[in-house]
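I set out to record where this protein leaves open space and where nonpolar side chains reach its surface. My entries follow the structure.

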Amino acid sequence: MEQSEESVAAPRTGIATYVVDAAVAVVLLVIGIVVIVESRRLGAGWTSDGPGSGYFPFWIGVIVSVSAVGILYQALLGKNRNTEVFVDPVQLKRVMSVLVPATVYVLAVTFLGLYVASAIYIALFMIFLGHYSPLKSTLVAVAVNVVFFLMFEVWFKVPLFKGSLDPLRFLGY
């Protein structure tokens, strides 16, 4: 039985797995080197009292760096280099549709605080990714954050971060 042209799937295009492996290895190598440098600055040697404050972090940094070099070698020069597609454009778009707003949320917390930033984040997430109505999304977002505010600030007496602009200052908390 012959296959028609329609039944044969088009090959996936996108970023190869070995490229992602190499990028992660480079990030790990940079982290390892930073840990090594800062540990040496703290004192990575052995003192008369025992190990210096940077002794154990130094060796952790060495282990991370050596591992990163091994991963980088395998990704770029290894015999069994994985050339399969790690992520295609459709999958990457889905990931970015969550990652970018989450990153903006973390930055917004700095200025608006947890309650206001969380309310905005929940509402926009529900509207754009959940396809809920703006009214329902806003009501749910405000209700969730009012409950959190009452629970933490009023009942438990645990103040959460209000942000540098402190938009809830008028509440007296």
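The entries below cover two pockets and one surface patch.

Entry 1, the model. I noted at the outset that this is a predicted model.

Entry 2, the largest pocket. I looked up its volume and found about 180 Å³. I then listed the lining, which includes Pro-101, Val-104, Tyr-105, Ala-108 and Leu-112. Further along the chain, Ala-117, Ile-120, Tyr-121, Leu-124, Phe-125, Phe-128 and Leu-129 also line this pocket. Sorted by class, the lining holds twelve nonpolar residues, with no polar and no charged ones.

Entry 3, the second largest pocket. I recorded a volume of about 160 Å³ here. Which residues line the second largest pocket? I found Tyr-115, Val-116, Ala-119, Val-142, Asn-145, Val-146, Phe-149, Leu-150, Leu-168 and Leu-171. By class I counted nine nonpolar residues, one polar and no charged. Helix H3 (89-128) and helix H4 (134-155) each contribute at least two lining residues. The largest share, five residues, belongs to H4.

Entry 4, the nonpolar surface patch. I found a patch formed by Ile-15, Val-19, Leu-92, Val-95, Met-96, Leu-99, Val-100 and Val-104, with about 630 Å² of accessible area together. H3 gives the most to the patch, six residues. I noted that Val-104 belongs to this patch and also lines the largest pocket.

Entry 5, Met-96. I asked whether Met-96, a residue of helix H3, should be called buried, exposed or partly exposed. Its relative accessible area is 36%, so I entered Met-96 as partly exposed. The limits I applied were under 20% for buried and over 50% for exposed.

Key: Residues numbered from 1 in each chain as written. Predicted model: local features only at pLDDT ≥ 70, side-chain atom pairs only at ≥ 80, totals over all residues. Heavy atoms only, no water. 1 Å grid on protein atoms, 1.4 Å probe; cavity = no way out; pocket = protein on both sides within 12 Å on 5 of 7 lines; lining within 4 Å. Points joined across faces, edges and corners; volume = space filled by probe spheres on them. Nonpolar A, V, L, I, M, F, W, Y, C, P; charged D, E, K, R; others polar. Helix = DSSP H or I, 4+ residues; strand = E, 2+ residues; numbered from the N terminus. Patch = residues over 30% accessible without salt bridge, like charges linked within 9 Å, V, L, I, M, F, W, Y side chains within 5 Å. Areas by Shrake-Rupley, 256 points an atom, 1.4 Å probe, with all protein chains shown as cover. Salt bridge = Lys/Arg side-chain N within 4 Å of Asp/Glu carboxyl O. Buried < 20%, exposed > 50% of the residue type's maximum accessible area, 1.4 Å probe, protein only.
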